[in-house]
Amino acid sequence: MKILILSGSPRKGGNTELLVDAFIRGAAKHHHVQIVSVRDYKVNPCLGCNACFKANGICAQKDDIAIIYEKMSQADMLVIASPVYFYGISAQLKAIIDRFHNPIRDTFHLKKMALLLVGAATLPELFDAILSEYNLCLKFFNIEDAGKVLVRGVKDKGDIKNTDALNETYILGLSI
């Protein structure tokens, strides 16, 4: 299976990146895994102009989204990984996801999706808004939920090493 990870952390070497690395260590044993890191691509927010609906999926904006569309078109599984900033995914990752408001999304052949989230707060409801959006995407695209790792209480680089989350994420990757 071809797995594409959308990694939403602009911070190199942070907790989200460590989670992604753990997932890859497990999943890469049996699958081809590729990462799209938000810090490596320039993607503007969606303008809502709907030009893409009139131009066979070609966006009016000239940025790196076409590269990501190509990677998405080849993926069988999508992994969304993000730090949680004020109860939502990172703005950079949200910009990419919002750009899937494009008819090109109908050419994607995703069968599974997984979610990896890291947040500093410890509130039980910390991930509720993101989970709601994730579940709506699963339903909209008729995709199987491959699993979730939701980590609370990690803020500074490396904090995640003091939890069981890296092992849990490795096991999730291995189970795919």
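H1 and E3 each supply at least two residues to the lining of the second largest pocket, and this pocket is a convenient place to begin a tour of the predicted model. The volume of the second largest pocket is about 160 Å³. Thirteen residues would be a fair amount to take in at once, so a shorter list helps: of the 13 residues that line the second largest pocket, Arg11, Pro83, Tyr85, Val154 and Lys155 lie nearest its centre. Strand E3 gives the most to this lining, with 3 residues. Sorted by class, the lining of the second largest pocket consists of 6 nonpolar, 5 polar and 2 charged residues.

The largest pocket comes next, with a volume of about 430 Å³. Its lining is made up of 21 residues, and those nearest the centre are Ile97, Phe100, Met113, Cys137 and Phe141. Four elements, E3, H4, E5 and helix H5 (128–141), give two or more residues each to the lining of the largest pocket. Helix H5 provides the largest share of that lining, 6 residues. By class, 16 nonpolar, 2 polar and 3 charged residues surround the largest pocket. Strand E3 is thus a name to remember, as it appears in the lining of the largest pocket and in that of the second largest pocket.

Besides these pockets, the structure holds an enclosed space. A search of the whole structure finds 1 cavity of 30 Å³ or more, and the volume of this largest cavity is about 80 Å³. Of the 13 residues in its lining, Cys46, Cys49, Cys52, Cys59 and Arg99 are the closest to the centre. The lining of the largest cavity divides into 7 nonpolar, 5 polar and 1 charged residues.

The next stop is helix H3, which spans residues 65–74. Its buried residues are Ile65, Ile68, Tyr69, Lys71 and Met72. Viewed down the axis of H3, these buried residues fall within an arc of 165°, so they line one face of the helix. A general feature of helices helps to picture this: an α-helix has 3.6 residues a turn, so residues three or four places apart point the same way. The cover over the buried residues of H3 includes strand E1 (2–7), strand E2 (32–37), strand E3 (77–85) and helix H4 (91–98).

Strand E1 also contains Ser7. With a relative accessibility of 5%, Ser7 counts as buried, because the cut-off for that label is under 20%. Beyond its neighbours within four places in sequence, Ser7 is in contact with Thr16, Val20, Ile35, Val36, Ser37, Val38 and Ala81.

Charged side chains also pair up across the structure, and the search finds 6 salt bridges in total. In one of them, the side chains of Arg39 and Glu17 meet at 2.1 Å, N to O. Arg39 lies in the loop between E2 and helix H2 (51–54), while Glu17 belongs to helix H1 (residues 15–27), so the pair ties together parts that are 22 residues apart in sequence. Arg39 is partly exposed, at a relative accessible area of 31%.

Another salt bridge joins the side chains of Lys111 and Asp76, at 3.4 Å from N to O. Lys111 sits in the loop between H4 and strand E5 (112–118) and Asp76 in the loop between H3 and E3, so this pair ties together parts that are 35 residues apart in sequence. The two partners differ in their surroundings: Lys111 is partly exposed, with a relative accessible area of 49%, whereas Asp76 is buried, with a relative accessible area of 18%.

A further salt bridge lies within a helix. The side chains of Lys94 and Asp98 meet at 2.6 Å, N to O, and both residues belong to helix H4, 4 residues apart, or about one turn of the helix. Lys94 is partly exposed, with a relative accessible area of 29%, and Asp98 is likewise partly exposed, at 31%. Salt bridges with shared partners join Lys94, Asp98 and Glu133 into one network.

Notes: Residues are numbered from 1 along each chain as its sequence is written. This is a predicted model: local features need pLDDT of at least 70, side-chain atom pairs count only at pLDDT 80 or more; totals for chains, interfaces and linings use all residues. Side-chain values use heavy atoms; hydrogens and water are left out. On a 1 Å grid over the protein atoms alone, a cavity is a set of points where a 1.4 Å probe fits but cannot get out, and a pocket is an open set with protein on both sides within 12 Å along at least five of seven lines; lining residues have an atom within 4 Å of a point. Grid points are joined across faces, edges and corners, and a volume is the space filled by probe spheres set on the points. Ala, Val, Leu, Ile, Met, Phe, Trp, Tyr, Cys and Pro count as nonpolar, Asp, Glu, Lys and Arg as charged, and the others, Gly among them, as polar. Buried means under 20% relative accessible area, exposed over 50%, partly exposed in between (1.4 Å probe, protein chains only). The arc is that of the directions from the helix axis to the C-beta atoms. Contact means heavy atoms within 4.5 Å. A salt bridge is a side-chain nitrogen of Lys or Arg within 4 Å of a carboxyl oxygen of Asp or Glu.
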